[in-house]
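Thank you all for making time this morning. I would like to walk you through one structure, going slowly for anyone who has not seen it before.

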Amino acid sequence: MGEAEVNTLWQAVCEADDQSAFRTLFDGFYLRLVRFAADLAGTREAAEEIVSDVFVQLWKNRRQTAGVIRLKTYLYTAVRHRSYNYIRDHQQHRWLGLDSIEEPAEAVQLPSLEWKELQQQLDKAVDRLSPQCRTVFRMVREEGFKYKEVAAILDISPRTVETQLVRAVARLRETLQAIQHPVR
């Protein structure tokens, strides 16, 4: 979903209470925001709750937030704040149950099997990055934010964003090289 489309939908929501436009925005951002919140809050359940709360508040306050120019940045910032509030309110040890560990999917013969395997290995490598490094990588490389936008959303300096991204790319490069050229 491009920025122009987001702005058009957001205008329809603010000016005409267009529920279908709001649903389209929700569908377009929900999964990406849940992944972002999960990186910060630590669990998918909490992330889903956080993102849902942000959208509920966005709908309730649509008249007051009509002046928001960059909705995408606004949403990521709101989710970040709510995630930090969640962490503050629920600080405790987090234990992972054995049933939360995903079993590898059974191999299915598909024409793009090698590509899927490589994508899975890359996803696992991204998941092993430090939390801040992973968040910065996903926001820049997968969400298309600029360094300054990420810095504003995460309340860090643009130089830190650049440093974290360089580290992420270097670690991912090492991982992919190890996959392509395993040591025997």
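Let me begin with a single residue, Asp17, which you will find in the loop between H1 and H2. Asp17 is not a glycine, and yet its phi is positive, at about 50 degrees. For background, most residues other than glycine have a negative phi. As for its surroundings, Asp17 counts as partly exposed, because its relative accessible area is 30%, and partly exposed covers the range between under 20% for buried and over 50% for exposed. I should say at once that what we are looking at is a predicted model, and everything I mention should be heard with that in mind.

There is a second residue of this kind, Asp155, whose phi is positive as well, near 60 degrees, in a residue other than glycine. Asp155 sits in the loop between H7 and H8, and with a relative accessible area of 61% it is exposed. A positive phi also turns up after H6, at Gly144, where the value is near 80 degrees.

Let me now step back to the whole chain. The protein has 8 helices and 0 strands, so that, from the N terminus on, the order of elements reads α-α-α-α-α-α-α-α. Of its 184 residues, 32% are buried. If we take the contacts with a separation of 6 or more, 65% of them join residues 24 or more positions apart.

Two helices deserve a longer look, and I will take H6 before H8. H6 has 12 residues, which at 1.5 Å a residue should span 16 Å, and this agrees with the 15 Å found between its end C-alpha atoms. The buried residues of H6 are Cys133, Arg134, Thr135, Val136, Phe137, Arg138, Met139 and Val140. Which helices cover them? Among the elements that do so are H2, H4, H5, H7 and H8.

H8 runs over residues 158-180, which makes 23 residues, and it reaches 33 Å from its first C-alpha to its last, close to the 33 Å expected. Its buried residues are Val161, Gln164, Leu165, Ala168 and Leu172. As a reminder, an α-helix has 3.6 residues a turn, so residues three or four places apart point the same way. The cover over the buried residues of H8 includes H5, H6 and H7.

Staying with H7 for a moment, I would point out Glu149, which lies in that helix, at residues 147-154. Glu149 is buried, because its relative accessible area of 11% is under the 20% limit. Leaving aside residues up to four places away in sequence, Glu149 touches Arg70 and Thr73.

Next, the cysteines. How many disulfides does a search of the whole structure find? The search finds 0. Cys14 is buried, with a relative accessible area of 7%, and Cys133 is buried too, with a value of 0%.

Finally, let me turn to the spaces in the model. There is 1 cavity of 30 Å³ or more, and the volume of the largest cavity is about 60 Å³. What lines it? The residues are Arg32, Arg35, Phe36, Asp39, Tyr76, Thr135, Arg138, Met139 and Glu143. By class, that lining has 3 nonpolar, 1 polar and 5 charged residues. H2 and H6 each supply at least two residues of it, and H2 gives the largest share, with 4 residues. You may recall Thr135, Arg138 and Met139 from H6, where they are among the buried residues.

The second largest pocket has a volume of about 180 Å³. Of the 15 residues that line this pocket, the closest to its centre are Met1, Gly2, Glu3, Arg70 and Lys72, and Arg70 is also one of the residues that Glu149 touches. H1, H2 and H4 each supply at least two residues of the pocket lining, with H1 giving the most, 3 residues. The classes here divide into 5 nonpolar, 3 polar and 7 charged.

That brings me to the end of my tour, and I would be glad to go back to any part of it.

Note on methods
Residues are numbered from 1 along each chain as its sequence is written. This is a predicted model: local features need pLDDT of at least 70, side-chain atom pairs count only at pLDDT 80 or more; totals for chains, interfaces and linings use all residues. Side-chain values use heavy atoms; hydrogens and water are left out. On a 1 Å grid over the protein atoms alone, a cavity is a set of points where a 1.4 Å probe fits but cannot get out, and a pocket is an open set with protein on both sides within 12 Å along at least five of seven lines; lining residues have an atom within 4 Å of a point. Grid points are joined across faces, edges and corners, and a volume is the space filled by probe spheres set on the points. Ala, Val, Leu, Ile, Met, Phe, Trp, Tyr, Cys and Pro count as nonpolar, Asp, Glu, Lys and Arg as charged, and the others, Gly among them, as polar. Buried means under 20% relative accessible area, exposed over 50%, partly exposed in between (1.4 Å probe, protein chains only). Contact means heavy atoms within 4.5 Å. A disulfide is a pair of cysteine sulfur atoms within 2.5 Å. The expected span of a helix is 1.5 Å times one less than its number of residues.
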